[in-house]
Amino acid sequence: MTLVPPPQLSLSADEARRIVLRAQGFLGAPDRRAGTRGVLRTLGAVQLDTISVLARSHELIPYARLGAVGREAVEGAYWSGNHAFEYWSHAACILPIEEWPHFAFRRRARRARGHRWHVLADAERSIAAVLDQLKARGPLTSTQLGGAKNGGPWWDWSETKIAVEWLLDTGDVVCTERRGWKRVYDLAERAVPDGLLHDDIDDRECMRRLVAQAGAAMGVATRADLADYHRLKGEQVAAVIEDTGLVPVDVAGWGKPAWADPAALTGEPRGRHRTTLLSPFDSLIWDRPRTERIFGFTHRLEAYTPKEKRVHGYFAMPLLAGGRLVGRIDPAREGRTLVARQVSLNGPKAVQPAADALAEAAGWVGCDEVRVERVQPETLRDPLVAAVKRTHDPR
């Protein structure tokens, strides 16, 4: 008897886009009771970055989904009660503490390599000194351990900093808090709950779990999308994809095989679309080829581009409205004024969403005024200024 495979589900590009938005928390009523921790567990990874304009990126992620949640509450949700840890995922990311066992493959790989790109002059002595301090004194920053730098440029790390980062890579030490943007290091045996403190899961099962999690967080994704989410290799994804529970689907216009989370295929994605500004490091858009494929929107972070060569601004934040990316706003803060230094809009329909997003962002960061500077196209500047005035100060 010849077994006939079941027909593969086909999705339109719009159906796929709505599935993605719902999976990422931008379509439908947000679960405010779950709060920031709920967002973290849904996404599975929240990227960290040093740039802080409107706020730091890890603060912008729950804000974009939940609205004006208190910034102190966001930090407390991440860093209190051993709910999360920092490790290498898509980049340096905050991860739910339950994922600790599933990154054992990466800790083993780092350990097998034997060193970081920084090399210790006296590895045994330096590592022992760090562990002794943490055992005796509890959680510490690199400054408290003895200093992060030798006195040179930022990459000129001290022996102590190299040692503690090596221990972080290999899992002997864990970061479960940032204090003043500095990592706070602790012994893994003290910071990770007993039931999770193990590296018993083999590499294949780690990959299977992370691919399944990425699929659930994205809703629908290609193999490259699934690999990029936690920075796995394409062949690692291919080796486990059939065991993840993800369902093969065909998405019109994607041109590549895709897989969907079965839960994402139940019911038509409905509800209110979020209007908000997005961090360039938001998992909805951090994969630029995926963003172009889903939204037809090309976005590049220009913070490291020379000022005279920037097109949209230093930290241009994509504007999400009606389930589409309809423009960009490059924000700044001057005292209690939120400044839209450069605004790029797709058309007149994006004016009111831009005003709404600016008003909400201003209130969230404690600004009383909003000032609009450059707008492209220039013909939309006066309508945007008027809409901002109505929205931010409706009296």
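Here are legends for five close-up views of this predicted model.

**View 1. Two nonpolar cores, with Val211 at work in one of them.** The largest nonpolar core takes in 46 residues, and Phe85, Ile94, Val211 and Leu226 have the most contacts inside it. Helix H10 (residues 203-218) is the top contributor, giving 7 residues to this core. Another core lies apart from it, with 37 residues, including Leu54, Tyr63, Leu319 and Val372. Back to Val211: skip its neighbours within four places in sequence, and it still is in contact with Leu226, Leu232, Val237, Val240, Ile241, Thr244 and Leu246.

**View 2. The buried side of helix H13.** H13 spans residues 288-295, and Arg288, Arg290, Thr291, Ile294 and Phe295 are buried there. These buried residues sit on the same side of H13 because they cover an arc of only 155° around the axis. As a rule, an α-helix has 3.6 residues a turn, so residues three or four places apart point the same way. The cover over the buried residues of H13 includes helix H1 (13-23), H10 and helix H11 (223-229). Strands E7 (220-222) and E12 (324-334) are also part of that cover. Right after H13 comes Gly296, with a positive phi near 60°.

**View 3. Glu308, out in a loop.** You'll find Glu308 in the loop between H13 and strand E11 (317-321). Its relative accessible area is 67%, and the cut-off for exposed is over 50%, so Glu308 counts as exposed. For a sense of scale, take His198, which is 110 residues away from Glu308 along the chain: the two C-alpha atoms are separated by 50 Å.

**View 4. A cavity lined by arginines and others.** Searching the whole structure turns up 1 cavity of 30 Å³ or more. The volume of the largest cavity is about 30 Å³. Gly28, Pro30, Arg65, Arg272, His273 and Arg274 make up its lining. Sorted by class, that lining has 3 charged, 2 polar and 1 nonpolar residues.

**View 5. The second largest pocket.** This pocket has a volume of about 250 Å³. Its lining has 17 residues, and Gly25, Pro30, Asp31, Val39 and Thr42 are the closest to the pocket's centre. H1, helix H2 (35-43) and helix H3 (57-66) each chip in at least two lining residues. H2 supplies the largest share, at 5 residues. By class, the lining of this pocket splits into 8 nonpolar, 6 polar and 3 charged residues. Pro30 turns up here as well as in the lining of the largest cavity.

Conventions
Residues are numbered from 1 along each chain as its sequence is written. This is a predicted model: local features need pLDDT of at least 70, side-chain atom pairs count only at pLDDT 80 or more; totals for chains, interfaces and linings use all residues. Side-chain values use heavy atoms; hydrogens and water are left out. A nonpolar core is a set of buried Ala, Val, Leu, Ile, Met, Phe, Trp, Tyr and Cys residues joined through side-chain atoms within 4.5 Å. Buried means under 20% relative accessible area, exposed over 50%, partly exposed in between (1.4 Å probe, protein chains only). Helices (H or I, at least four residues) and strands (E, at least two) are DSSP runs, numbered from the N terminus. Contact means heavy atoms within 4.5 Å. The arc is that of the directions from the helix axis to the C-beta atoms. On a 1 Å grid over the protein atoms alone, a cavity is a set of points where a 1.4 Å probe fits but cannot get out, and a pocket is an open set with protein on both sides within 12 Å along at least five of seven lines; lining residues have an atom within 4 Å of a point. Grid points are joined across faces, edges and corners, and a volume is the space filled by probe spheres set on the points. Ala, Val, Leu, Ile, Met, Phe, Trp, Tyr, Cys and Pro count as nonpolar, Asp, Glu, Lys and Arg as charged, and the others, Gly among them, as polar.
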